[in-house]
Each structure stands twice: as structure tokens, then as C-alpha cells.
Amino acid sequence: MFLRLFALSSLILGFSCSEIPPSPIGPIPSERHLAWHELQYYAFVHFNMNTFTDMEWGTGGELPNQFAPSELDIRQWARVAKEAGMKGIIITAKHHDGFCLWPTSTTEHSVKNSPWKEGKGDLIKELSEACAEYDLKFGIYLSPWDRNHEAYGKPEYVADFHQQLRELLTNYGEVFEVWFDGANGGSGYYGGANETRKIDNRTYYEWEKTTEIVRELQPNAVIFSDGGPDIRWVGTEEGWANETNWSVMRRDEIYPGWPRYVELRSGHEDGTHWLPAEVNTSIRPGWYYHPREDHQVKSLPRLVRTYYESIGRNGNFLLNLPVDTRGLVHENDVAKLMALKKQLDADFKVELAQSTKLTASNIRGGDMTYAPTKVNDGDNSTYWATDDGVTKASLTLEFERPTEVNRILLQEYIPLGQRVKKFSIEAEIDGEWTTLDEQTTIGYKRILQFNTVRTTQMKVNFLEAKGPITISTIALYRAPSFLVAPQLKRNKAGIVTLSVPDPEVEMYYTLDGNEPSSQTLRFTAPIPVESPVTLKAIGYDSQSGKSSEIEIYELDLPKKEWKVISSSSGDLTTAEFLIDEDPDTFWATDEKVDAPQEIVIDLGNQEELRGFTYWPIQERYPFGIITSYAFSVSNDARSWTTVANGEFANIVNSRLMQKVTFSQTSGRYIKLKALTVDGTGFQASFAEVGVITR
């Protein structure tokens, strides 16, 4: 464990061996950094006033009595996090709206004036105790911006902000991370002023004093913001770091709201401070809970990919769980978390490098303290190192017998700095060396995936480094096939493509209603589906003989000949989006229209219709969702017969495809009229419109 390392002076002066350890290169991590690196994976919990107002950013004008969870169970949060393999929880103690989850002395806008526990509750205390019970680290998010506080923008607010920080860091045990958001200043309630207030976010909050408070009260805690001072935002909320990811940056250049945030994704090779990346993303589109996103929990393939693109790229993975209005982690989110845990456990179940014979092209001073065997001894505090001046070397891992491998994990000995600038992976296959991958940085941890190879030897070539190479760990794995059901995409012409995340998984399908198996049609290239059909598909692992669950797709008429020929308003040149077979695109009528809107589609041919489908807009901030409708059919686009009208029940909170059936009707033209929409006005949006013919 890196945490068990002694001071650097001891490293240099206290060794009993004859060879002096490598000197540090560049900025090096502090002890609090090293502890943070080891956590790797932990939870963000956004639960606050926004949960109950169905917003992402509250205005500050909300009332404390709106905070009213019906089944709040904070131990459930901790239990879920622990079972998911997470190491901690960071809670939004106060978001931008200013509502505090603890009975602070600084404002009445807190849980002490809410109906929850009759104003006697302290959510921060309950969470800190639940984290202790489940052996989880506890962290706090405290928004510097406060849209409720009447003195925001003045020195009086900064004093209250600092007092809130002191309360959180004094009364709730050990805190591992303090999280400061970069959103600062703008419109707000501000005690009833309802105005816009601007501040200089570089100086207003007295960041040096803020940091001193954290160092005084929680010396082991790391501080997060856009640019630290301890850990940095990764420059995107989508859940990935760049493949090149330095843990160092020129920190003094960075400030809250820094416009060159793209550089945060890779760091700076010539960085002046240790400033590693935290990769934050939400398990849903929003950070707070919204019922309309219950069907939009990230898929297992997306979560697995996020793991490899965060932890696997020298970052820590902070996954947000939007606790719902009951006060629980939603069951859909729990299911995906446990599926992720199960998959990762399978991927890293058996470590293969410990049984290999290791040789190195160079060993520092020929001293066995730095022998290549240090990379597979299971101890991160030991490491293989090369001589001064040797910045290009290789390590070879030899198996006793041919072995299948498809993952490699590497770790540098970061207490001496991050050094590797370029490396490659080779495998000996049937007596020939084959390059599997070539990459740049390693840092605390790098995980590479590649197609399964059956090999007798693996070689890691360190091609370029800042100084002598220091590697603490190399691990090898043979992860099982990532077996999930194929996902289907169909274009307007009716051409169908199936896909799975693992290229070694085969896909089989049927078009005749029978169950798919490895004996039915194998998907190898896009297939035309020119008539209504039920397509059933599976993923299949030929090595294990296992199949995924069956995915069933009801495919109706292809839309090759379809055209949107008229609408009440809107730009028809882009109306193709509502018939492009992609529900992630959309089209909308004009804003500020004063009557119900409709669209007319020419199907190209007369068809026997039995129903229609409507996909509501899938954007994070939806608008114009049709809540009640009238659907009509015509043979000439002049004389219309209304065949269905009604409402889409709960569509705003369940934005799935809506299916409406009616008695068989012949027609070439269809009209969908939005009688009412969610929100004010009549602007209507359409992600996708289709028909049912069977």
C-alpha cells in the first residue's frame, strides 16, 4: 500500500541496500493524494430541495416545507454503495439554491424548518453515521453559490459560507473529500431581491482562507474544484478521461470557470503540481432525480465503458446516484449498479501475472530490491526500477503454458512521480511477437482491453519516460466475454444493424418468430427489413456456449418513402428528424404559437393501418411533449377520418414509445395533432412517429 510508505527522506537515506532509489521527478503526491488514489470508485449523491421541485438548479425561493421525503432511508444508500463496490459517498450538503441538509446556525433555509422529522433531523449526521457503519468514506459537497442568501455578493455571505464549512468539517467525523462546484453568481431569489448578482469567483470566496479551514479541520481531506488545489475536474461530465492523462498540471494557471477546461482531460506533461483527475458523471441524464428519467438509467455497456475510461485511464470514478423523492436509491439504478459490480468482478476474478516468470532488460544497479518480480508480488509499495539514464526498457512475463489474456493493468510507483510517456504491449503468439496496443501515460493505474490472445509470453515495452522507470504493478486477466443482448438500429430505408460491446461475442437472430440460437441466422452485415416483422436476437459466446437474454424488436413499415408534407408551423426542412428511426433526434413546431399543432405525413403508398406510435423528446430538458392527441387518416390529404384520440398517461414521467391501436383503416396520409402538451403554450415536439400495420 502506498499509504504505508515512509517519508521521502527515509527513502533516500534509510535503505539497507547499496543502490540509491531513483530521485523524484516533477511534482509528487501528498499522503492525502495517495489515500484518495486508492479509493478509485465512490458515489456522489444529489439529494436536496431540487429533488422535490423536479429541478436541476433551484432558484433559492423554495420553501423549507417542500423538503419532505416519504421513506427516507440513508442506510439504504450506504448499503447499496457498499454492495456496489464503492468506497465512499459525497453528499450535496448545500446546492446552489442554498437549502442546507443540516441544522446550520447560518440560515433558516434548512432541514430545521422542514416537515422531515418535524424539523429535528440532521441528514448529514445520519449519512456520516451510515458511512461509518458500512465502512465507507464520507465526503461533502458545499456550493459556494447561494441563490437564497440575502447577502450573497457581499462579505457577510462569505463569512456565513466559511461558517457552514466549519460546521460540516467539525461535527460529522472524518471527511475524505470537500467538493466545490464551479457554478458561481447569477440570478437568484437572494432573500426576495430576485435579481442578478455577479462576483469575481477568483477572489470573492477568499479561497486561500477556505483552504486553510479545510487543512485546519480535516487535514487528510482532498479539495476538489476545477483546478484543485488537490484534485481536478476532468473537463467533462460524460464519464471519461483522455487516453493521455497526466496527474500533474500547471495549477497556478487554473481558476473556477477556466475557459481552457478541455486541457483538464489530459493534464499537463510539464505540470507544476500534483493535480489528478476525478471523473464525475451521473447514472442518469440529470444529477437530481426526475421521474421522467426512470427509463434512462445508463446501460450496463455504458457503465462498463465508463469504468475503463475513468479508472482505466488514471482517474477516480465518481458516479452520481440521484436519490428519489421517497429518499431511496431507485430500484432501476440499484439494478444497474449491481450488474456493473457483477461484470467487473468477473473481468478481474483471476489474476494471471503472479504465476509468470519475469525478466527485465535493465534492473537498477543489479539490485534485487528493484527486481522485475516486484511488479507481481501483490505489494504496491515495492517496484521495479531502471538505472539513471535508462528511460527505455522492457519487462517480459513468461507463462508456464499457453494462456489466454485480454486485459492488462499497470501501475507506476507514483510516490516518486509520474514518468512514463509512451509504452506498448506485445504478445508472443505461435512463436511470433505481435503488438497489441501502444499508449502514452500510465500514472496510478492504467487498464487496457484487447481481443483475447493465447500467448506464451507478454512484453511491456517502456518506450519513453521522464527518467528512470518505476513500475509497482503489472497484472494480467482473461475476462469472460461481455455477454449482453444485441442492440438494434434501423435507418429510414429499413436497413437493420445489430451491435454488442464485445467484438468476440457473436450475434444470432430470427425473423420468423422462432427463438434465436447459434443454429439460426448469424448477423455479419446490415440486413434489409422491408416489411413488418418480429426480429429476435441474442449474443452468443462460442467458448462457453452461453447466450444472452433474447431481445425482441417489433419492426413495422420501413420509412423510405415517407415525407412530412405539412405542419402547423416549424421548419419543414428539418422535419425528417421525426421519421428518421432515431428517437434521440427530434423536431418541434414554432414557439409561442396560439393553437394546437399538427403534422401530416405521406406514407408513399396506401397502407392498412391498425395503430400509430409516438416517441416523446428524449432531451435532458424536454419541452412540447404531447399529452393528449387526435390521430387521423386520409387517402388524399384533404378528407380526413379521426381514428383515435385520447391522452398519453404519465408520458412526461415515462418518456417511452407510446403505442395506440385502432380498428383497421386504409390510408396513405396520417395526421398527428397535439391537442395539449406539457407546459404552457402549444409548441409540440416529436422524436419519432410511426405506424402499426399488424
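1. R197 counts as buried, at 13% relative accessibility. The structure discussed in this note is a predicted model. The side chain of R197 meets that of E195 in a salt bridge, with an N to O distance of 2.7 Å. E195, in contrast to its buried partner, is partly exposed, with a relative accessible area of 35%. The cut-off for "buried" is under 20% relative accessible area, so the value of 13% places R197 in that class.

2. A second pair invites the same kind of reading. D324 and R326 form a salt bridge in which the closest N and O atoms are 2.6 Å apart. Which of these residues is buried, and which is partly exposed? D324 counts as buried, at 2% relative accessibility, whereas R326 is partly exposed, with a relative accessible area of 23%.

3. A third salt bridge joins the side chains of K421 and E464, at 3.3 Å from N to O. K421 belongs to strand 16 (residues 420-429) and E464 to strand 18 (residues 446-465), so this pair ties together parts that are 43 residues apart in sequence. K421 is partly exposed, with a relative accessible area of 24%, and E464 also counts as partly exposed, at 36% relative accessibility.

4. Salt bridges may also be linked to one another. R250, E253, R260, E263 and D270 are joined into one network by salt bridges that share partners. Over the whole structure, the search finds 38 salt bridges.

5. Helix 9 deserves a separate point. The helix has 17 residues and reaches 24 Å from its first C-alpha to its last, close to the 24 Å expected at 1.5 Å a residue. Its buried residues are D333, V334, L337, L340, Q343, L344 and D347. An α-helix has 3.6 residues a turn, so residues three or four places apart point the same way. That rule is useful when reading the list of buried positions, which includes V334, L337 and L340.

6. Against which elements do the buried residues of helix 9 pack? Their partners are strand 1 (41-45), helix 4, helix 8 (300-310), strand 12 (315-321), strand 15 and strand 19.

7. The second largest pocket has a volume of about 660 Å³. Helix 2 (31-39), helix 9 (331-347), strand 15 (393-412) and strand 19 (470-477) are the elements that give two or more residues to its lining. Strand 19 gives the most, with four residues. Helix 9 therefore appears twice in this note: in the pocket lining, and as a helix whose buried residues pack against strand 15 and strand 19, among other elements.

8. The lining of this pocket consists of 31 residues, and those nearest its centre are Q40, Y307, L409, K445 and Y477. How many residues of each class does the lining contain? There are 15 nonpolar, eight polar and eight charged residues.

9. G85 is found in the loop between helix 4 (74-83) and strand 2 (88-94). This glycine is partly exposed, with a relative accessible area of 25%. Leaving aside neighbours within four places in sequence, G85 is in contact with Y41 and K341. By comparison, the C-alpha atoms of G85 and T386, 301 residues apart along the chain, are separated by 35 Å.

Conventions: Residues are numbered from 1 along each chain as its sequence is written. This is a predicted model: local features need pLDDT of at least 70, side-chain atom pairs count only at pLDDT 80 or more; totals for chains, interfaces and linings use all residues. Side-chain values use heavy atoms; hydrogens and water are left out. On a 1 Å grid over the protein atoms alone, a cavity is a set of points where a 1.4 Å probe fits but cannot get out, and a pocket is an open set with protein on both sides within 12 Å along at least five of seven lines; lining residues have an atom within 4 Å of a point. Grid points are joined across faces, edges and corners, and a volume is the space filled by probe spheres set on the points. Ala, Val, Leu, Ile, Met, Phe, Trp, Tyr, Cys and Pro count as nonpolar, Asp, Glu, Lys and Arg as charged, and the others, Gly among them, as polar. Buried means under 20% relative accessible area, exposed over 50%, partly exposed in between (1.4 Å probe, protein chains only). Contact means heavy atoms within 4.5 Å. The expected span of a helix is 1.5 Å times one less than its number of residues. A salt bridge is a side-chain nitrogen of Lys or Arg within 4 Å of a carboxyl oxygen of Asp or Glu.
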